[in-house]
Amino acid sequence: MNDGISRRGLIGLGVGAAALSAAGRTQARDGPVGFAVVGLGKLAQGQIVPGFRNCRNARLTALVSGHPDKAGRIASEHHLPSGAIYDYDNFDRIAADPKIEVVYIVLPNFMHAEYTIRALKAGKHVLCEKPMATSLADAEAMISAAKSANRKLMIAYRCHYEPLNLEAMRRVRSGSLGKPRLVITKMVRQSDQSDPSDAWRLDMRQSGGGALADMGIYGVNGARYLLNEEPVEVRATARTDRSDPRFKTVEDLIAWEFRFPSGAIAQGSTSFDAADEMAFEVIGQHKRLVADPGCFYGGNHLYLWQGGSRTEIPIHEIDQFAREMDWMADVVRGRAPLVSPGEEGLQDMRLMHAILESVARHGAAVSTDGRYRRAVDPAVAVS
Ligand code: NAD
C-alpha cells in the first residue's frame, strides 16, 4: 500500500478543548461574508482571488502568504489594507479579525489539515481545496475539529455547483437515459517537475497520491455524484515508468473499475503523462451523455447521443469559483445547505485509498464501504 494516503496519527495539531473556546468568536450577522485566502499559488492567483469580483455574497478581506512582496501586490490590487495580510507564523491571529469569517485553504495538500484545524480553532469556517488531506486520519481529524468548533467545513468540489455537471446529474436521475449501466471518467494531464506547483504534486508525502489525488479525484467523485450511489468494490491497475524522474514516489497511469449496488460499473483513469483531458460519459440503456470536456474551468460541452445522432445540450457557463465561494457564504448565513461537507471529501479519500490498495495488490478486488450516504444531493439542492 502506498503510504501517502494512509492512516497515520495527527501529531502536534492539538485538536481538542481549545477548539471549543474559539467557537463563539464569530457572531451571527448579515451582509457579505469575508474570506481569507491561504496560499497564493497558481489556483489562488489565477482563479480564486479574481473570482471574488464575480461574487454576490463573498468578499476577499484577507490574504495569508509566506511571501510579503507577492501578498502586498495582490492586496493593493484588491484594495486591502496592510493589516489584512497574515503569514504562516502569525496565522492564528486571524481569531481576532472580525472581517474574516471563512478561511479558504489553497495550500499544497499536505498542509490542508494543519491550516484547516488552526482556522477552525480560531473560530472561522473553512472552505478547503480538494483533496481534503493526504491521509484518512487527517481527514477525520478535520471533520471532528469542525464539529468541536461548531463551524462549517466545506470541500471545494466546484463541479457540485456547476451547471453542466448538475444537468448531467439531473438527466441521469430522471431516468431519461434508461438505467445507467456504465460511467467512464478520464482525468489526465501532463505534469512538469520543474514547475514548483507540480513538484509537490509529484511527491507522495506532499500530494497524497500524484495524479490520482490531483485529477483522478474528479472521476472518483464524479462517478458517485452522477450515479448517486456508492461503490462496493474496486479493482485497479497502474502503469508507471519508474525511470521517469517524475514518478519516483507516485504512480502515473492508474485505471480502476468501481462496482455499484445498482449493477452499474464506473471505469476511471488518471495520469500525469497524457494530453490534458477532463471528460466523462454516462451510458444508459437507451441514451448516452458525453461531457467532453466536462470539468475544465470553462469551455465544457455536454452532448446527448441516441443511436447515431448527437445533440448538444446548451449550458450557461459561470465562474465556478465565484459560485462555490458564494455558496459557502450562503451556508455561513444559513441560506443554503452544506452540499460538499468534510464527509464527502473523506469518502473520496477512502476510495482513493482502496484504489491504491488494489494497485499494490496487483489488481485484486478491494471491498469499499457502500454505506456512506451524502447528506444533500447537489442535483436537488443547487439550482
Ligand atoms: P501551488 O503550488 O501553485 O500553490 C501553493 C501555494 O502554497 C504557493 O503559493 C506556495 O508558495 C504556498 N506554500 C506555502 N507553504 C508551502 C510549502 N511548504 N510547500 C509548497 N508550497 C507552499 O498549488 P495550486 O495549484 O495553487 O494548488 C493549491 C491547492 O488547490 C491544491 O490542494 C490543489 O489540489 C488545489 N487545486 C484545486 C483546483 C480546482 O479546480 N478545485 C485546481 C487547482 C488546484
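**Notes on the predicted model**

1. Starting with a loop: Pro-293 sits in the stretch between β12 (288–291) and β13. The bond to look at there is the one joining Asp-292 and Pro-293, which is a cis peptide with omega at about -10°. Keep in mind throughout that this is a predicted model.

2. There's another cis proline to check. The peptide bond running from Lys-130 to Pro-131 is cis, and omega is near -15°. Pro-131 is also a loop residue, placed between β5 (125–128) and α5 (136–149).

3. While you're on backbone geometry, have a look at His-79. Its phi is positive, about 55°, although His-79 is not a glycine. You'll find His-79 in the loop that connects α3 (68–77) and β3 (85–86).

4. Now the sheet. It is open, has nine strands and mixed pairing, and the order reads β14-β13-β12-β11-β7-β10-β9-β8-β15. The edge positions go to β14 (309–313) and β15 (366–367); each has a single partner strand, so one side of each lacks a neighbour in the sheet.

5. At the β14 edge, β13 (residues 302–306) and β14 pair antiparallel over five bridges. Gln-306 has Ser-309 as its bridge partner in β14. The hairpin these strands form has two residues between them, and Gly-307 there takes a positive phi near 55°.

6. Elsewhere in the sheet, β7 (residues 180–190) is paired with β11 (residues 273–284), antiparallel again, over nine bridges. If you want a register check, Lys-186 has Ala-279 as its bridge partner in β11. Packed on the sheet is helix α9 (residues 210–227), which touches β7, β9 (253–259), β10 (265–271) and β11; the direction of α9 makes about 160° with that of β7.

7. Helix α11 (residues 342–360) is another one to view against the strands. It lies across β8 (233–239), β9 and β15, and runs at about 60° to β8.

8. What ties α9 and α11 to each other through side chains? Arg-224 belongs to α9 and Glu-344 to α11, and their side chains meet in a salt bridge at 3.2 Å, N to O. The two residues are 120 apart, so to speak, and the pair links distant parts of the chain. Over the whole structure, the search finds 27 salt bridges.

9. On to the open space. The largest pocket holds about 1100 Å³, and 41 residues line it; the closest to its centre are Lys-42, Leu-43, Ser-197, Trp-200 and Arg-201. Which elements build the lining? At least two residues each come from α2 (42–51), β7, α7 (196–199), α9, β11 and α10 (320–332). By residue type, the lining splits into 18 nonpolar, ten polar and 13 charged.

10. Enclosed space is a shorter story. The count comes to one cavity of 30 Å³ or more, and the largest cavity has a volume of about 30 Å³. Lining the largest cavity are Tyr-157, Arg-158, Cys-159, Tyr-218, Asn-221 and Tyr-225, which break down as four nonpolar, one polar and one charged.

How values were computed
Residues numbered from 1 in each chain as written. Predicted model: local features only at pLDDT ≥ 70, side-chain atom pairs only at ≥ 80, totals over all residues. Heavy atoms only, no water. 1 Å grid on protein atoms, 1.4 Å probe; cavity = no way out; pocket = protein on both sides within 12 Å on 5 of 7 lines; lining within 4 Å. Points joined across faces, edges and corners; volume = space filled by probe spheres on them. Nonpolar A, V, L, I, M, F, W, Y, C, P; charged D, E, K, R; others polar. Pairing = 2+ DSSP bridges. Helix = DSSP H or I, 4+ residues; strand = E, 2+ residues; numbered from the N terminus. Contact = heavy atoms within 4.5 Å. Axes fitted to C-alpha atoms, helices over the stretch in contact; angles between N-to-C directions. Salt bridge = Lys/Arg side-chain N within 4 Å of Asp/Glu carboxyl O.
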